[in-house]
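The following paragraphs lead through the pockets of a protein model and the surroundings of its ligand. Please keep the sequence and the structure in view while reading.

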Amino acid sequence: MVTSVSDGKLFLLTGPSGVGKGTLIKTLLSRHPEIWLSISATTRQPRDGEIDARHYYFMSRAEFSELASQGGFLEWAEFAGNFYGTPSKEVRERLSSGRPVLLEIELEGARQVRGSFPEALQIFVAPPSFEELERRIRGRATDSEEAIAQRLFRANEELSSQNEFDAIVINDDLQRAIEEIERLIGLVN
Ligand code: 5GP
């Protein structure tokens, strides 16, 4: 039976670039519109089709640093040469209004959240194999060869840290992976 995720809960998904977190999250949100997905800030350039304030808050390095120095991020990290961070105000507002909040962030950020929100459920999304992950990362034609190399390097690092997480979900089959995430976050009995 599908129920509502418990009020005001924070959970996060981490996993290497290209593992399919975006599709998992899109599906999860369409099945559970009560979940609020945090919109991160980043200094990376928008990819084709990405819209400011919808996919990310795209910022200059100066704007990002300014917000960071004011304590405006719940967590932030550098990833493949760019900064990424979770603006804290909106997350705190949503949590106190009782909405379940989802973060999609990389490893360093997840570690920071472990310190500030130890009760948050941390899920690691893993690929069926490293070869499959490499194929997916290379298939994203918008990234430069340098960005691809950085993402592959970082993917290795993230995969070797997966045991730090509360749960590991292998994204071998979308439907199966979604159902597992739903069970983990208490959306189904
Ligand atoms: P992409 O450039 O592919 O959109 O994202 C690169 C990585 O940054 C992904 O692993 C994604 O999960 C992570 N990321 C996105 N937003 C945030 C954030 O707010 N904080 C942190 N620490 N990582 C983020």
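In this predicted model, the shell around the ligand is made up, by class, of five nonpolar, four polar and seven charged residues. Altogether 16 residues surround the ligand, and the closest of them are Arg44, Tyr56, Tyr84, Glu104 and Glu106. Among the secondary-structure elements, β5 and β6 each contribute at least two residues to this shell.

Individual polar contacts can be followed from the ligand outwards. An oxygen atom of the ligand lies 2.7 Å from a polar side-chain atom of Ser40, while a nitrogen atom of the ligand is found 2.8 Å from an N or O atom in the side chain of Glu75. With Gly85 the contact is made through the backbone, a polar atom of which is 3.1 Å from an oxygen atom of the ligand. Of the 510 Å² of accessible area that the ligand has on its own, 95% is covered by the protein.

Where, then, does the ligand sit? Its site is the largest pocket, which holds about 990 Å³ of space. The elements giving two or more residues to the lining of this pocket are α1 (21-31), β5 (73-79), β6 (82-87) and α6 (145-159), and the largest share, six residues, comes from α1. The lining comprises 32 residues, with Gly22, Arg44, Glu50, Tyr56 and Glu104 lying nearest the centre of the pocket. Arg44, Tyr56 and Glu104 thus appear both among the residues closest to the ligand and among those nearest the centre of the largest pocket. By class, the lining of the largest pocket consists of 10 nonpolar, 10 polar and 12 charged residues.

A further site can be traced from Arg44, which also belongs to the lining of the second largest pocket. This second largest pocket has a volume of about 180 Å³, and Arg44 is joined in its lining by Gln45, Pro46, Arg47, Ala80, Asn82, Thr142, Asp143, Ala147 and Arg151. Sorted by class, the residues that line the second largest pocket are three nonpolar, three polar and four charged. Arg44 therefore links the parts of this description, being named in the lining of the largest pocket, in the lining of the second largest pocket and among the residues closest to the ligand.

Note on methods: Residues are numbered from 1 along each chain as its sequence is written. This is a predicted model: local features need pLDDT of at least 70, side-chain atom pairs count only at pLDDT 80 or more; totals for chains, interfaces and linings use all residues. Side-chain values use heavy atoms; hydrogens and water are left out. On a 1 Å grid over the protein atoms alone, a cavity is a set of points where a 1.4 Å probe fits but cannot get out, and a pocket is an open set with protein on both sides within 12 Å along at least five of seven lines; lining residues have an atom within 4 Å of a point. Grid points are joined across faces, edges and corners, and a volume is the space filled by probe spheres set on the points. Helices (H or I, at least four residues) and strands (E, at least two) are DSSP runs, numbered from the N terminus. Ala, Val, Leu, Ile, Met, Phe, Trp, Tyr, Cys and Pro count as nonpolar, Asp, Glu, Lys and Arg as charged, and the others, Gly among them, as polar. A residue is near a molecule or strand if one of its heavy atoms lies within 4 Å of it. A polar contact is a pair of N or O atoms within 3.5 Å; within protein, one must be able to donate a hydrogen and the other to accept it, and residues adjacent in sequence count only if both atoms are side-chain atoms. Accessible areas come from the Shrake-Rupley method with a 1.4 Å probe; for residues, only the protein chains shown count as cover. A molecule sits in a cavity or pocket if more than half of its atoms lie within 2 Å of its grid points.
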